[in-house]
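Please load the model in a viewer and set the display so that single residues can be selected by number. The tour proceeds from open space to packed interior, and then to individual residues.

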Amino acid sequence: MGDNIWKSANSMQEFDRTKVKYYLGEGLKLGENKSGKLAFTTLSVNFKDRSDVDKFVLTDNPELVNESIQEKDNSLLFTTDTFEKDTELTGSFSASLNFSVNKKDCDIVAELYQLLPDGKYFLLSSYLNRASYAKDRSKRQLLTPGKKETIPVTGTPFVSKKIEKGSKLLLKIGVKKSPAWQINYGTGKDVSTETIEDAGAPMEIKWYNDSFIEIPLKK
């Protein structure tokens with residue numbers, strides 16, 4: 001996309017060799033340099049608050065190109081520096097997300113966008129998974145509240161697009177909260193049996209700065 005041309009490769013593994021690693025840095029920055037000091041950015045999600053239900057309905061299924069994107073009080077937005085020249089993004093992004101949460105489970109969502117030079121947002125790829133199944137889809141493994149955990153992100157949708165000069169890449173990361181989605185309140189019970197009475201205290205997630213996303217860029 002962007003150049004409107006076809007390309008080919010001998011194998012899918014070729015795209016993994018071009019990945020650039022970005023860390024979730026302080027100041028909501030995606031940077032290529034890992035900080036020498038461990039730190040985190042905190043996200044608080046109040047599942048008892050449903051005053052934003054209309055906003056969720058309007059933004060839960062974004063178009064391919066959007067005038068704006070909403071944090072919706074359940075996500076954080078990390079951005080790269082501005083690209084100084086045209087770059088090709090071809091492949092599937094992966095990540096290693098290090099976090100701790102005050103609950104026994106959560107539904108993690110990550111969306112990768114291109115912030116276009118005109119200020120619009122192009123949805124490139126996305127990831128959604130229940131943390132308790134992230135390491136083994138056949139067996140639920142509940143989280144230990146307050147313990148640092150690592151979630152491997154793989155198998156995201158493949159995309160090939162020109163990232164124009166003047167663009168940025170943006171990672172929207174948080175938890176799923178939507179009237180169209182089975183809400184995981186994090187009690188550790190069968191999620192289908194949970195109700196708003198299980199919401200309890202707001203979900204507090206610490207995203208650590210040794211977390212990283214690998215994006216298939218050809219600079």
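What follows is a sequence of selections, each with a statement of what is found there. The coordinates are those of a predicted model.

**Stop 1: the largest pocket**

Begin with I5, K7, E88, T90 and S160. These are the residues closest to the centre of the largest pocket, out of 18 that line it. The volume of this pocket is about 400 Å³. To see which elements frame the space, colour α1 (13–16), β6 (87–91) and β11 (159–163), the elements that each contribute two or more residues to the lining. What is the character of this lining, by class? It comprises 7 charged, 6 nonpolar and 5 polar residues.

**Stop 2: the second largest pocket**

Next, select Y22, E32, D81, T82 and K219, which lie nearest the centre of the second largest pocket. The lining of this pocket consists of 14 residues, and the space inside amounts to about 310 Å³. Strand β2 (residues 29–31) is the element that gives the most to the lining, with 3 residues. Sorted by class, the lining residues are 6 charged, 5 polar and 3 nonpolar.

**Stop 3: the nonpolar cores**

Turn now to the interior. In soluble globular proteins, nonpolar side chains tend to be buried together. Here the largest nonpolar core holds 44 residues. Select L89, F99, I108, W207 and I213, the members that touch the most other members.

Keep I213 selected and display its surroundings. Beyond the neighbours within four places in sequence, I213 is in contact with V20, K21, Y22, L30, F93, S94, A95, L112 and L171. One of these contacts, Y22, was also selected at the second largest pocket, among the residues nearest its centre. A second core, separate from the largest one, has 7 residues, including L77, Y113, L115 and L170.

**Stop 4: N98, a polar residue in the interior**

Select N98 in strand β7 (residues 94–101). Is N98 buried or exposed? N98 counts as buried, because its relative accessibility is 8%, and the limit for that class is under 20%. Now add D210: the side chains of N98 and D210 make a polar contact at 3.1 Å. Outside the span of four places in sequence, the residues in contact with N98 are K148, E149, T150, K206, W207, Y208, D210 and S211. Among them is W207, a member of the largest nonpolar core.

**Stop 5: S125 and the backbone of P157**

Move to S125 in strand β9 (residues 121–130). S125 also counts as buried, with a relative accessibility of 4%. Which backbone atom lies 3.0 Å from a polar atom of the S125 side chain? It is the backbone oxygen of P157. With residues up to four places away in sequence set aside, S125 touches F93, A110, E111, L112, T156 and P157. F93 and L112 appear again here, having been listed among the contacts of I213.

**Stop 6: T42 in strand β3**

Select T42, which is placed in strand β3 (residues 40–45). T42 is partly exposed, with a relative accessible area of 39%. Its contacts, not counting residues up to four places away in sequence, are L76, E204, I205 and K206. K206 is also in contact with N98. For a distance check, pick the C-alpha atoms of T42 and N66: they are 24 residues apart along the chain and separated by 26 Å.

**Stop 7: backbone angles and the start of the chain**

Most residues other than glycine have a negative phi, and most peptide bonds are trans. Two selections depart from a negative phi. The phi of N4 is near 55°, a positive value; N4 lies in the segment before α1 and is exposed, with a relative accessibility of 74%. The phi of L28 is likewise positive, near 55°. L28 belongs to the loop between β1 (19–25) and β2 and counts as partly exposed, at 30% relative accessibility.

Finish at M12, in the segment before α1. M12 is exposed, because its relative accessible area is 52% and the class begins over 50%. A last distance can be drawn from M12 to A95: their C-alpha atoms are 83 residues apart along the chain and separated by 17 Å.

How values were computed:
Residues are numbered from 1 along each chain as its sequence is written. This is a predicted model: local features need pLDDT of at least 70, side-chain atom pairs count only at pLDDT 80 or more; totals for chains, interfaces and linings use all residues. Side-chain values use heavy atoms; hydrogens and water are left out. On a 1 Å grid over the protein atoms alone, a cavity is a set of points where a 1.4 Å probe fits but cannot get out, and a pocket is an open set with protein on both sides within 12 Å along at least five of seven lines; lining residues have an atom within 4 Å of a point. Grid points are joined across faces, edges and corners, and a volume is the space filled by probe spheres set on the points. Helices (H or I, at least four residues) and strands (E, at least two) are DSSP runs, numbered from the N terminus. Ala, Val, Leu, Ile, Met, Phe, Trp, Tyr, Cys and Pro count as nonpolar, Asp, Glu, Lys and Arg as charged, and the others, Gly among them, as polar. A nonpolar core is a set of buried Ala, Val, Leu, Ile, Met, Phe, Trp, Tyr and Cys residues joined through side-chain atoms within 4.5 Å. Buried means under 20% relative accessible area, exposed over 50%, partly exposed in between (1.4 Å probe, protein chains only). Contact means heavy atoms within 4.5 Å. A polar contact is a pair of N or O atoms within 3.5 Å; within protein, one must be able to donate a hydrogen and the other to accept it, and residues adjacent in sequence count only if both atoms are side-chain atoms.
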